[in-house]
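Reader: I should like to go through the enclosed spaces and one helix of this protein, term by term. Please show me the sequence and the structure.

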Amino acid sequence: MFSVLDMFSIGVGPSSSHTVGPMKAACRFARSLRGSGILHQVARVRTVLYGSLSLTGLGHGTDRAIIAGLEGSMPDTVNTAHLLHAREECARSRRLDLPGGRRIVFDPDSDIVFEKWQRLAAHPNGMRFQAFDREGNLLDEQVWYSIGGGFIAQGSPEDTLIGIHDRPPEHTAFADADEQETTRFPDKAPYHFDTCTELVTLCQREHKRISDIIWANETAVRPAADVRARLLAVWEAMGQCVQAGCSSDEPVLPGGLDVPRRAAGMYRLLMSTGDVLRRSHHRIDVVLESSDAAWVNLFALAVSEENAGGGRVVTAPTNGSAGIIPAVLEYYWHFVDGADEDGVVRFLLTAGAIGYLFKRNASISGAEVGCQGEVGSACSMAAAGLCEVIGGTVQQVENAAEIGIEHNLGLTCDPVRGLVQIPCIERNAVAANTAINAVRIAMLGNGSHIVTLDQAIRTMKQTGEDMMAKYKETAKGGLAVNVVEC
């Protein structure tokens with residue numbers, strides 16, 4: 001088991017798997033050169049991107065993320081203005097400063113390779129980093145994988161290469177899962193569970209809610225004040241992202257599609273009948289007809305536009321789905337009677353537990369299982385969190401989470417031009433309202449349901465395995481090819 005706090009990390013857009021993960025991996029590689037004592041010999045660094053990272057990497061800013069990572073930057077602290085122009089600056093100077101003060105010649109056009117014919121078998125998001133001396137001798141070589149949600153895992157330089165469209169062999173595995181990416185506590189956690197059925201059984205046996213179980217696990221490895229502070233910091237970052245999206249004066253999103261930013265205009269329109277972002281969080285009686293849905297749309301669009309523009313966001317559980325949980329949390333804060341910070345903490349603990357189940361038993365990577373793994377899991381997480389804090393039983397929480405994923409099964413990942421814009425931004429708004437509706441349905445029942453969350457997660461994994469590669473973040477199918485670029 002790992003800490004559910006790791007399901008929420010503060011990073012940058014537009015993609016957790018294509019921007020955040022590669023930046024982390026590049027930074028780890030660059031810092032290791034200094035740690036191994038060979039930094040002074042390094043004259044050239046080369047990166048090869050495979051699979052989905054190669055096919056949609058330009059649209060996702062993977063090249064910029066690699067450069068920033070090689071410079072020693074990490075997603076939670078990188079200068080977002082520099083990141084947006086990192087490739088252009090590097091191409092102009094033909095220089096790169098590695099951590100430790102080592103300056104090398106670097107040409108993004110030749111030193112970042114988009115391999116479009118082969119991929120690493122272990123995962124669609126593979127990267128190979130190589131360091132050479134002045135004579136061209138290989139000093140170090142590392143293989144890394146970006147496995148979704150900003151999580152990374154280290155492989156081996158000998159990992160199998162296959163054709164870009166070949167089906168990977170069964171039982172591929174990473175040589176070394178990245179232990180530093182997560183806080184693992186199998187011996188310290190008082191409550192161990194691998195499935196939702198086990199989690200529900202624990203709750204029933206201990207007469208506790210899901211958030212109580214997770215709180216006990218988290219506070220077993222770090223002080224309660226730290227757990228609370230970290231969760232509230234995530235909530236604050238989400239709120240800041242909503243505010244940034246609502247106040248942006250940028251007319252269009254970067255990338256060449258000229259997608260207009262709509263959140264600021266929507267915010268001004270909704271403000272005329274009551275500005276929930278500047279008033280008390282207590283329930284507002286009159287805003288607009290169906291006002292909660294209108295505001296939820298705005299919250300999700302605001303975050304998703306910030307993500308698409310390369311801004312600071314919370315990976316929840318991925319960047320492509322980063323607008324869903326903040327939107328539902330904002331709904332709780334502004335439209336639910338009695339909302340308070342304790343509820344925010346319990347919401348995130350519960351949502352994180354559901355995210356853990358998806359990551360452990362299936363995937364949250366769009367390149368691995370399609371958008372059902374990103375938007376679908378986030379919808380399920382948000383539904384569970386909201387149901388928990390409005391008083392749903394453990395069975396109702398599971399039911400809401402199951403409804404959230406069940407009606408996102410089969411969702412493809414087919415971003416136009418590889419950008420996290422169309423259909424990603426609107427998809428977040430739709431899924432946020434779906435999560436709220438899932439809670440309404442669950443709360444109208446007694447919690448009994450035929451399909452379990454475990455069965456739905458297993459179905460999502462199987463559906464992702466059967467899904468054609470062109471529908472899994474490769475920009476080779478769906479809207480990505482049917483929207484003609486003029």
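Reader: Which residues line the second largest cavity?

Author: This is a predicted model, in which local features need pLDDT of at least 70 and side-chain atom pairs count only at pLDDT 80 or more, while totals for chains, interfaces and linings use all residues. Residues are numbered from 1 along each chain as its sequence is written, and side-chain values use heavy atoms, with hydrogens and water left out. The second largest cavity is lined by Val 303, Ser 304, Asn 307, Asn 319, Gly 320, Ala 322, Gly 323, Val 420, Cys 424, Ile 425 and Asn 428. The elements giving two or more residues to this lining are α12 (291-308) and α18; helices are DSSP runs of H or I with at least four residues, and strands are runs of E with at least two, numbered from the N terminus.

Reader: What makes a space a cavity, and what makes it a pocket?

Author: On a 1 Å grid over the protein atoms alone, a cavity is a set of points where a 1.4 Å probe fits but cannot get out; a pocket is an open set with protein on both sides within 12 Å along at least five of seven lines, and lining residues have an atom within 4 Å of a point. By this rule there are three cavities of 30 Å³ or more. The largest cavity holds about 160 Å³ and the second largest about 50 Å³, a volume being the space filled by probe spheres set on the points, which are joined across faces, edges and corners.

Reader: Where does the second largest pocket lie with respect to the domains?

Author: Domain 1 (15-176) and domain 2 (196-220 + 222-471) both give residues to the lining of the second largest pocket, so this pocket lies between them. The domain bounds come from an automatic or database domain assignment. The space in this pocket is about 420 Å³, and α10 gives the largest share of its lining, four residues.

Reader: Which residues of helix α8 are called buried?

Author: Buried means under 20% relative accessible area, with exposed over 50% and partly exposed in between (1.4 Å probe, protein chains only). In α8 (residues 196-206), Cys 196, Leu 199, Val 200, Leu 202 and Cys 203 are buried.

Reader: Why are the buried residues of α8 said to line one face?

Author: Seen down the axis of α8, its buried residues fall within an arc of 155°, so they line one face of the helix. The arc is that of the directions from the helix axis to the C-beta atoms.
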